[in-house]
Amino acid sequence: MVRRKEQAVMAELWLVLALIVAALGCLLILLASVGLLRMPDVYMRMQVASKASTLGAALVLGGGAMGLGDPPSVVRTVVAIVFLAITMPVAAHLLGRAAARTGVRFSSETRSIELPRDES
């Protein structure tokens, strides 16, 4: 009887931890969306969108996997997180490169460094 109560308490604690992780992810996604509205140029917006939203989505997915707890869901979630971690920085790099190639200027608030010329 005592063992069952301990298991129930541990399951509830695990669920609360999953909710906290998911809530932190939602907070990061909210901060990323506010950053998208506040940043002055495409380069800064791109950085906010790729960093904070990737971590926020990973935390929301991780919280969901913790809440579900069954192995197939956890495996799918880990695969989705790895996919996000690989594709979001690459997409942000490509967007920044496309913006630089098409001549999008930096905001006056942005400190820029001189990039080497692309020969292609």
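**Exercise 1. The second largest pocket**

Find out which residues line the second largest pocket in this predicted model, and which helix gives the most to that lining.

*Solution.* Start with the residues themselves. The lining is made of Tyr43, Met46, Gln47, Ser50, Lys51, Thr54, Pro89 and Ala92.

Next, look at where they come from. Two helices, H2 (42-68) and H3 (71-101), each supply at least two residues of this lining. Of these, H2 gives the most, with 6 residues.

Now sort the lining by chemical character. It divides into 4 nonpolar, 3 polar and 1 charged residue. Lysine counts as charged, so Lys51 is the one to mark as charged in the lining.

Finally, add the volume: the second largest pocket has about 170 Å³.

**Exercise 2. A nonpolar patch on the surface**

Which residues form a nonpolar patch on the surface, and how much accessible area do they have together?

*Solution.* First, list the members: Val16, Ile20, Leu24, Leu27, Leu30, Leu31 and Val34. Together they have about 610 Å² of accessible area.

Then pick two of them for a closer look. Val16 is found in helix H1, which covers residues 2-38, and Leu27 has its place in helix H1 too.

Now check how open these two are. Val16 has a relative accessible area of 43%, and Leu27 has 44%. Partly exposed means between 20% and 50%, so Val16 belongs in that class, and so does Leu27. A residue needs over 30% to be part of a patch; Val16 meets this with its 43%, and Leu27 with its 44%.

As a last step, follow Leu27 across to Ala52. The two are 25 residues apart along the chain, and their C-alpha atoms are separated by 9.7 Å.

**Exercise 3. Partly exposed or exposed?**

Place Ile29, Arg97 and Glu114 in the chain, then decide which class of exposure fits each.

*Solution.* Begin with Ile29, which is found in helix H1. Its relative accessible area is 35%, so Ile29 is partly exposed.

Go on to Arg97 in helix H3. At 37% relative accessibility, Arg97 also counts as partly exposed.

End with Glu114, in the segment after H3. Exposed means over 50%; Glu114 has 77%, so Glu114 is exposed.

**Exercise 4. Sequence and space**

How many residues apart along the chain, and how far apart in space, are the C-alpha atoms of Arg97 and Gly63?

*Solution.* Count along the chain to get 34 residues, then go from C-alpha to C-alpha to get 34 Å.

Try two further pairs in the same way:

- Ile29 and Phe106 are 77 residues apart in sequence, with 25 Å between their C-alpha atoms.
- Glu114 and Ala58 are 56 residues apart along the chain, and 33 Å separates their C-alpha atoms.

Note on methods: Residues numbered from 1 in each chain as written. Predicted model: local features only at pLDDT ≥ 70, side-chain atom pairs only at ≥ 80, totals over all residues. Heavy atoms only, no water. Patch = residues over 30% accessible without salt bridge, like charges linked within 9 Å, V, L, I, M, F, W, Y side chains within 5 Å. Areas by Shrake-Rupley, 256 points an atom, 1.4 Å probe, with all protein chains shown as cover. Salt bridge = Lys/Arg side-chain N within 4 Å of Asp/Glu carboxyl O. Helix = DSSP H or I, 4+ residues; strand = E, 2+ residues; numbered from the N terminus. Buried < 20%, exposed > 50% of the residue type's maximum accessible area, 1.4 Å probe, protein only. 1 Å grid on protein atoms, 1.4 Å probe; cavity = no way out; pocket = protein on both sides within 12 Å on 5 of 7 lines; lining within 4 Å. Points joined across faces, edges and corners; volume = space filled by probe spheres on them.
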